[in-house]
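I opened this notebook to record what I looked up, entry by entry. Each entry starts from a plain query and ends with what came back.

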Amino acid sequence: MRRRRSIALWFAVIGGVLVVVATIMIWGARLSLGKNSYVSGLGSTGEVTAPVFNTALLMVAVGGLSIAVALQRVGQSREAGPRRSRVRLLLVPWLLVGLSSLCFLVASRVTCTYECPIPSNPLFTLQDAVHISFAVLGFALACLAMIGSALGSRLRAVRRLSWFAGSAVAVVAGVGGLLSLAEIGQQVGSWLEFAAMTIALFWLVGYGLAEVLAVGRTDVVGRLGSAVEDARQVDAASSARG
């Protein structure tokens with residue numbers, strides 16, 4: 001059990017570092033670009049920021065998969081109550097994080113065409129459709145993972161953080177997407193999309209590390225409780241013999 005937790009912690013730390021570095025790279029690419037752009041636009045074909053962004057998106061995918069492995073391993077070492085069992089039947093955070101990461105893996109390999117035209121644009125291609133579909137699906141699965149952790153985590157702080165992050169990402173990304181489709185307020189919409197991305201990525205890092213570290217604390221408390229209980233039983237037996 002201790003070895004499983006140790007391996008899970010390594011996966012969580014490696015995944016967290018990859019995601020944080022990728023976030024910095026994406027923001028660096030955005031701030032270096034002298035024009036308005038949505039997140040996917042940074043990696044579009046022919047864009048100057050494409051190499052950096054697509055590498056960063058690949059790092060997000062690998063980091064997310066690493067954190068998903070960590071969550072799955074610590075999930076096996078924790079006893080699930082009835083409430084958690086019902087939640088896991090519908091919203092399994094580690095599985096949703098893993099599927100979301102796979103979607104971003106595809107999106108990092110199949111980029112959109114220059115400036116990422118929207119579906120109503122005559123320049124919209126099958127390549128754009130594939131990229132946008134997987135990117136949107138990845139965000140949706142990430143939001144479901146947040147809901148799953150908000151309902152199923154044993155840590156109150158994680159539940160509150162997940163509710164906040166899930167709500168914020170859904171609202172902010174939704175507004176940004178609608179502005180993009182309506183082709184109005186695109187500068188505001190693009191910044192909203194970057195904000196939603198940042199919230200989701202930092203939630204992923206915080207959630208993964210918190211869940212892994214909580215298992216170690218829970219086990220320590222459990223061992224102390226067992227030792228105290230054993231001592232009480234010994235004292236009770238001694239008193240009975242006396």
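The entries below go from the overall fold to single residues.

**Entry 1: overall fold**

I note at the start that this is a predicted model. I asked how many helices and strands the protein has. I got seven helices and zero strands. Read from the N terminus, the order of elements is α-α-α-α-α-α-α.

I then looked up burial and surface. The protein has 242 residues, and 42% of them count as buried. The exposed area is about 12600 Å². Carbon and sulfur atoms supply 69% of that area.

I also checked contacts by sequence separation. Taking contacts between residues at least 6 apart in sequence, I find that 75% join residues at least 24 apart.

**Entry 2: helix H1 and the nonpolar patch**

I looked for nonpolar side chains on the surface. Leu9, Val13, Val17, Val21 and Leu213 form a nonpolar patch there. Together they have about 350 Å² of accessible area. Which helix gives the most to this patch? It is helix H1, residues 2-32, with four residues.

I took Val13 as a single case. Val13 sits in helix H1, and its relative accessibility of 35% makes it partly exposed. That value also fits the patch rule, which asks for over 30% relative accessible area.

Arg4 is in helix H1 too. With a relative accessible area of 26%, Arg4 is partly exposed. I looked up its separation from Ala70: the two are 66 residues apart in sequence, and their C-alpha atoms are 9.1 Å apart in space.

**Entry 3: aromatic pairs**

I searched the whole structure for aromatic pairs and found five. One of the pairs is Trp27 with Phe194, which is tilted, with 5.5 Å centre to centre and 50° between the planes. Trp27 lies in helix H1 and Phe194 in helix H7 (residues 186-241), so this pair ties together parts that are 167 residues apart in sequence.

Are the two partners buried or exposed? Trp27 is partly exposed at 25% relative accessibility. Phe194 is buried, at 0%.

A second pair I noted is Trp203 with Tyr207, which is stacked: 5.1 Å centre to centre and 10° between the planes. Both residues lie in helix H7, four residues apart, about one turn of the helix. Trp203 and Tyr207 are both buried.

I followed the ring pairs further and found that they link Trp27, Trp191 and Phe194 into a cluster. Trp191 also has a charged neighbour: Arg30 lies over the face of Trp191, 4.3 Å from the ring centre.

**Entry 4: salt bridges around Lys35**

I counted salt bridges next and got two. In one of them, the side chains of Glu47 and Lys35 meet at 3.1 Å, N to O. Glu47 and Lys35 are both in the loop between H1 and H2 (50-76), 12 residues apart. Glu47 counts as buried at 9% relative accessibility, whereas Lys35 is partly exposed at 29%.

Which residue does Lys35 bridge to with its closest N and O atoms 3.4 Å apart? The partner is Glu115. This pair links distant parts of the chain, since Lys35 is in the loop between H1 and H2 and Glu115 in the loop between H4 and H5, 80 residues apart. Salt bridges that share partners thus join Lys35, Glu47 and Glu115 into one network.

**Entry 5: the loop between H4 and H5**

I stayed with Glu115 and looked at its backbone. Glu115 lies in the loop between helix H4 (93-109) and helix H5 (126-152). Its phi is positive, about 65°, although Glu115 is not a glycine. For reference, most residues other than glycine have a negative phi.

The next query was Cys116, found in the loop between H4 and H5. Phi of Cys116 is near 45°, again a positive value in a residue other than glycine.

I compared burial for these two residues. Glu115 counts as partly exposed, at 48% relative accessibility. Cys116 is buried, because its relative accessible area of 16% is under the 20% limit.

Technical notes
Residues are numbered from 1 along each chain as its sequence is written. This is a predicted model: local features need pLDDT of at least 70, side-chain atom pairs count only at pLDDT 80 or more; totals for chains, interfaces and linings use all residues. Side-chain values use heavy atoms; hydrogens and water are left out. Patches are made of residues with over 30% relative accessible area and no salt bridge: like charges are joined within 9 Å, nonpolar side chains (Val, Leu, Ile, Met, Phe, Trp, Tyr) within 5 Å. Accessible areas come from the Shrake-Rupley method with a 1.4 Å probe; for residues, only the protein chains shown count as cover. A salt bridge is a side-chain nitrogen of Lys or Arg within 4 Å of a carboxyl oxygen of Asp or Glu. Helices (H or I, at least four residues) and strands (E, at least two) are DSSP runs, numbered from the N terminus. Buried means under 20% relative accessible area, exposed over 50%, partly exposed in between (1.4 Å probe, protein chains only). Rings of Phe, Tyr and Trp (its six-membered ring) pair if their centres lie within 6.5 Å; planes under 30 degrees apart count as stacked, over 60 as edge-to-face and the rest as tilted. A charge sits over a ring if NZ of Lys or CZ of Arg is within 6 Å of the ring centre and within 35 degrees of the ring normal. Contact means heavy atoms within 4.5 Å.
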